Amino acid sequence: IQFQQADFILDWKALVSRTVRLRAIAIDGAVIKIESAEEAANVAAAPGAAAATQKTKTADLPFELAIDQLSLTNSRITLVTPGEPDKVLEQLNFTSKDLNLDGRAFPITLSVSTTLPDQPSPIAIAFDSQLKFQLEEQVAELTGSTLKLDGIKKLPIELGFNALYEGQKDAIKLSDITGKVGSAAIKGAINVLQLQTAPSAAGQLSIQNLLFSELAKNGLLGDEPPEGFKKLDINTNFSASETLVKLDQLKIALDNFNIGGHVSLKNPSLNKGPRQLEMALKGDHLVLPATSEESGEEANNQAVLLTPILAPLALLEGGKGHIELNLDSITSDNIKVEQLHLNLFANGKVLDITDLSGAVFGGKFLVTTKVDLKNKIPKVKFSKQLTNIDIYNALSTLADQSDVRGRLTMNFSGTSSGDTQDTLMANVVGNGKLSVSELQVENINVERSYCEM
């Protein structure tokens, strides 16, 4: 540590009572370099160290030490990590007064500026709180804390919280978490146990009114969000440890679409089994952005919006997974599928959709698919079943044709293999049955047909 100036104000009267009382310590222009976790812990513990006093008469030191006020201004901290660029905290200012270790609250304020690798403009951080220390009980408590960050993509962040650290229990509790991230409101709480041995956490999180347009405007999203997906609300209970992550009572709202359920990911310790994913979600009416022939952008939006449902499978790393999805309806362009159900299993390199079903065009459909990726050339086994489909409804929607009426029922099953879409289509082998009832063909010109013949 280097510094330009340090000032000390000593209370001479306190020397009579064998107390060395420094009314104020003021350090200006300090340059602090931290090269290890131990050094970082020492810097973080500075308020407690400054508050330390010798209380007992049998202490080794002949005098008690007390510090009333501590300030650090216009300073800099450099965090050194081997193999990575140094992280620099500029314009560091810290103040505190009435420091003690007997459970009485004293104020602390901190302000600092830093930069992130992908953001050239500096980020301003400000922290204010009331701090309590109880040395013998190993308790530290923050009350009325406020944390403000300004400069992250022009999106201000402000959080308020209380914190309690209990050293004998090796636990920390964050309560009454409230805040704002732009227009979004945040609430929550978290308890962390076994900090030094096997950390685990549990809590609640609520994010309301998160505007995607605001994130896009500030460069945190690539494109402007599609219609129907402008605002996000999230409510969930969560727990996390080295071997298990869970989201319970999960509720997500995207504008007028609501979905909820639970998600869990087991991550057994090394060499004690594969990862296991369990996800069950139920939603109401999902309307996807409209597509057009001129541009595939909207189609890409549809795929992106459905990707989060299957994305957790990427976390399995060859483990086992189960995803079950139920939607009251899903609408894409003019096609509306009701009572959509998806039941999907993953086991190593085998993906098995045992049920993809729903109601569409006045009838029902059921699809099953099994994809085996264990060999060099992937293998696919599938079946498709259509029941009582309204032909007129389907053709007028899909092909802009309205000359044929009736009801279609079809069963088809087959297999294929290949590593590209074209190869899979070319290698399809299968069989099935097709039947049409109540068939009617309209607008037939017999004279024209005879001439063409």
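A residue is called buried when its relative accessible area is under 20%, exposed when this value is over 50%, and partly exposed in between. The legends below use these words throughout, and the model they describe is a predicted one.

**Figure 1. An overview of the protein chain, with its seven helices and 24 strands.** The protein chain has 453 residues, and 30% of them count as buried. Its accessible surface amounts to about 28200 Å², and carbon and sulfur atoms account for 55% of that area. If one takes the contacts between residues at least 6 apart in sequence, 43% of them join residues that are at least 24 apart.

**Figure 2. The salt bridge between Lys246 and Asp248.** In this view the side chains of Lys246 and Asp248 come together with a distance of 3.8 Å from N to O, which counts as a salt bridge because the cut-off between such a nitrogen and a carboxyl oxygen is 4 Å. Lys246 has a relative accessibility of 29%, so it is classed as partly exposed, and Asp248, with a value of 29%, is also partly exposed. Counted by this rule, the model holds six salt bridges.

**Figure 3. The salt bridge between Lys231 and Asp233.** Here the side chains of Lys231 and Asp233 form a salt bridge, with 3.3 Å from N to O. The two partners fall into separate classes of exposure, since Asp233 is buried at a relative accessible area of 14%, whereas Lys231 is partly exposed at 28%.

**Figure 4. The salt bridge between Arg76 and Glu90.** The side chains of Arg76 and Glu90 meet at 3.3 Å, again given from N to O. This pair ties together distant parts of the chain, for Arg76 belongs to strand 5 (residues 69–79) and Glu90 to strand 6 (residues 87–97), with their positions 14 residues apart in sequence. Arg76 has a relative accessible area of 36% and is therefore partly exposed, and Glu90 is likewise partly exposed, with a value of 31%.

**Figure 5. The surroundings of Ser96 in strand 6.** Ser96 has a relative accessibility of 3%, so it counts as buried. Its side chain reaches the backbone oxygen of Pro107 at a distance of 2.8 Å. When neighbours within four places in sequence are set aside, the residues in contact with Ser96 are Asp68, Gln69, Leu70, Phe106, Pro107 and Ile108.

**Figure 6. The surroundings of Ala124 in strand 8 (residues 119–134).** Ala124 is partly exposed, with a relative accessibility of 40%. Apart from neighbours within four places in sequence, Ala124 is in contact with Val112, Lys148, Leu149 and Asp150. Between Ala124 and Thr114, which are 10 residues apart in sequence, the distance from C-alpha to C-alpha is 6.8 Å.

**Figure 7. The two ends of helix 5 (residues 391–398).** At the start of this helix, a side-chain oxygen of Asp390 comes to within 3.1 Å of the backbone nitrogen of Tyr392. Beyond the helix comes Asp400, which has a positive phi, near 55°.

**Figure 8. The largest nonpolar core, a set of 38 residues.** Within this core, the residues that touch the most other members are Leu277, Leu286, Leu313, Leu327 and Ile330. Several elements give two or more residues to the core, among them strand 12 (184–193), helix 3 (212–217), strand 17 (276–287), strand 18 (320–332) and helix 5. Strand 19 makes the greatest contribution, with five residues. Another core, of 22 residues, lies apart from this one, and its members include Leu131, Phe133, Ala140 and Ile177. In soluble globular proteins, nonpolar side chains tend to be buried together.

**Figure 9. A nonpolar patch on the surface, formed by Leu434, Val436, Leu439 and Val441.** Taken together, these four residues have about 370 Å² of accessible area. Leu439, one of the members, belongs to strand 24 (residues 429–441). With a relative accessibility of 53%, Leu439 counts as exposed, because the cut-off for this class is over 50%.

Notes
Residues numbered from 1 in each chain as written. Predicted model: local features only at pLDDT ≥ 70, side-chain atom pairs only at ≥ 80, totals over all residues. Heavy atoms only, no water. Helix = DSSP H or I, 4+ residues; strand = E, 2+ residues; numbered from the N terminus. Buried < 20%, exposed > 50% of the residue type's maximum accessible area, 1.4 Å probe, protein only. Contact = heavy atoms within 4.5 Å. Areas by Shrake-Rupley, 256 points an atom, 1.4 Å probe, with all protein chains shown as cover. Polar contact = N/O pair within 3.5 Å; in protein donor to acceptor, adjacent residues only side chain to side chain. Core = buried A, V, L, I, M, F, W, Y, C linked by side-chain atoms within 4.5 Å. Patch = residues over 30% accessible without salt bridge, like charges linked within 9 Å, V, L, I, M, F, W, Y side chains within 5 Å.
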